[in-house]
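Subject: Structure handover

Hello,

Here is the structure I said I would pass on. Please look it over before reading the notes below it.

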Amino acid sequence: MNKKEKVVLTTGGTGGHIYPALAIAKKLKDKNIDVLFIGTSHRMEKTIVPNEGYRFIGLDIVPLKSVSAVFKILKGTLRSIRILRREKATKVIGFGNYISIPVILAAKFLRIPYYLQEQNSIMGLANKKFYKGSKKVFLAFRNTLNSIPGKYREKFIVTGNPLREEFYHKEKAKEREKLGITEEEKVLFIIGGSLGAKNINEAVLKKWDKIQEMKNLRLFWGTGKDLFEEVISKITDYGSAVVLPYFDNAADIMSAADMVLCRAGASTVSELIQLEKPSIVIPYDFVGQKENAEEIEFVNGTKIFENKNVSDAIDEALLEIKQPDILDFMSENLKTLKKGNAVCSIVKHIDLEEK
């Protein structure tokens, strides 16, 4: 009798790591594969994952910036060994960053096959450390291969980032109809991530009168939960704009949009590619986001602006959104980066015995 499959997914810290794992978990669940998540006991995954209906175990681990953090990793590894044994885990999938380290170390010790998924253009330290012993590594972007020695490249598969299933079935016209958007209206979607981006918000407020003066412009603006009250206290006339802390239907709005102004997190960039969405991106100033943005800038699918030039970025978005030829050009270019359904591709390449 074949051994019953039990897949452990280790992820956490940010939505960019968690949501790709959840997309994979849903597909595994649809195939009647048992799934367990392991993350930290004190970051957002401890709430998000159980709310999605999956079993979750939290470890007390923190970024590797102190001696005590190293001891927590070692303690977490010992606990992970016990968990994997008890759960009879047959496969492990790691989604990068320090949170995955104890579980991947435990999988290596127990000789459980493990797989890695890299969301960003530049591979993170955890995945760099462990890819040599992995069965396969699933990449969001082809350029990541440039840093991989030739003898290991056969392990790597460029799948794109796993997205929620709805992103693979969106149609712009249908989403615009659902949102009550007319053919004449242009839709600008501004988002700074779930926590918001203070400098983007401040720049939008400075340009508020200009935005309101534009005819047939519909603005959807996600301010971030912590910054919402500060923003709305400075607005007296909303016009047709929809301003919220966060959009639960962000996929619908992005699909309906003519232009998106946003950060360059890995999931966001992958969503722009999948929906073929012209954009203006303002990457965070830490390693990773600029390189993610450059993946779509290289094919003329976006324009990149630095944080200090956010006001210029908004001006550019307002200018380009009125030029359908430019928007169509950017959208067509993004099609060249599409890899199909990354969720299906990844699950297909994991050797699973289904029930």
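The notes below cover the domains, a pocket, and two residues.

Please keep in mind that this is a predicted model.

Domains

The protein is divided into two parts: domain 1, made of residues 6–160 together with 340–349, and domain 2, which covers 166–335. Twelve residues from domain 1 and 11 residues from domain 2 take part in the contact. The C-alpha centres of domain 1 and domain 2 are 30 Å apart.

The UniProt record, an unreviewed entry, has the feature "domain: Glycosyltransferase family 28 N-terminal" at residues 7–138. That span is 45% helix and 20% strand, and its end C-alpha atoms lie 16 Å apart.

The second largest pocket

Where does the second largest pocket lie with respect to domain 1 and domain 2? Both domains give residues to its lining, so the pocket lies between them. Its volume is about 280 Å³.

The lining of this pocket consists of 20 residues, and those nearest the pocket centre are Ala140, Phe141, Ile273, Leu337 and Lys339. By type, the lining residues divide into nine nonpolar, seven polar and four charged. Helix H11, residues 266–274, gives the most to the lining, with three residues.

Glycine 16

The same unreviewed UniProt entry places the feature "binding site" at Thr14, Gly15, Gly16, Asn120, Arg164, Ser194 and Gln289. Of these, I looked further at glycine 16, which lies in helix H1 (residues 15–30). Its relative accessibility is 26%, so glycine 16 counts as partly exposed, the class between under 20% and over 50%. Leaving aside residues up to four places away in sequence, glycine 16 touches Gln119 and Ser267.

Arginine 176

Is arginine 176 buried or exposed? Arginine 176 has a relative accessibility of 10% and therefore counts as buried, the cut-off for buried being under 20%. This arginine lies in helix H6, which runs over residues 172–178. With residues up to four places away in sequence not counted, arginine 176 touches Ile181, Thr182, Glu183, Glu185, Val187, Ala256 and Asp258.

Regards

How values were computed. Residues numbered from 1 in each chain as written. Predicted model: local features only at pLDDT ≥ 70, side-chain atom pairs only at ≥ 80, totals over all residues. Heavy atoms only, no water. UniProt positions renumbered as here; feature names shortened; annotations may be inferred. Helix = DSSP H or I, 4+ residues; strand = E, 2+ residues; numbered from the N terminus. 1 Å grid on protein atoms, 1.4 Å probe; cavity = no way out; pocket = protein on both sides within 12 Å on 5 of 7 lines; lining within 4 Å. Points joined across faces, edges and corners; volume = space filled by probe spheres on them. Nonpolar A, V, L, I, M, F, W, Y, C, P; charged D, E, K, R; others polar. Domains from an automatic or database assignment. Buried < 20%, exposed > 50% of the residue type's maximum accessible area, 1.4 Å probe, protein only. Contact = heavy atoms within 4.5 Å.
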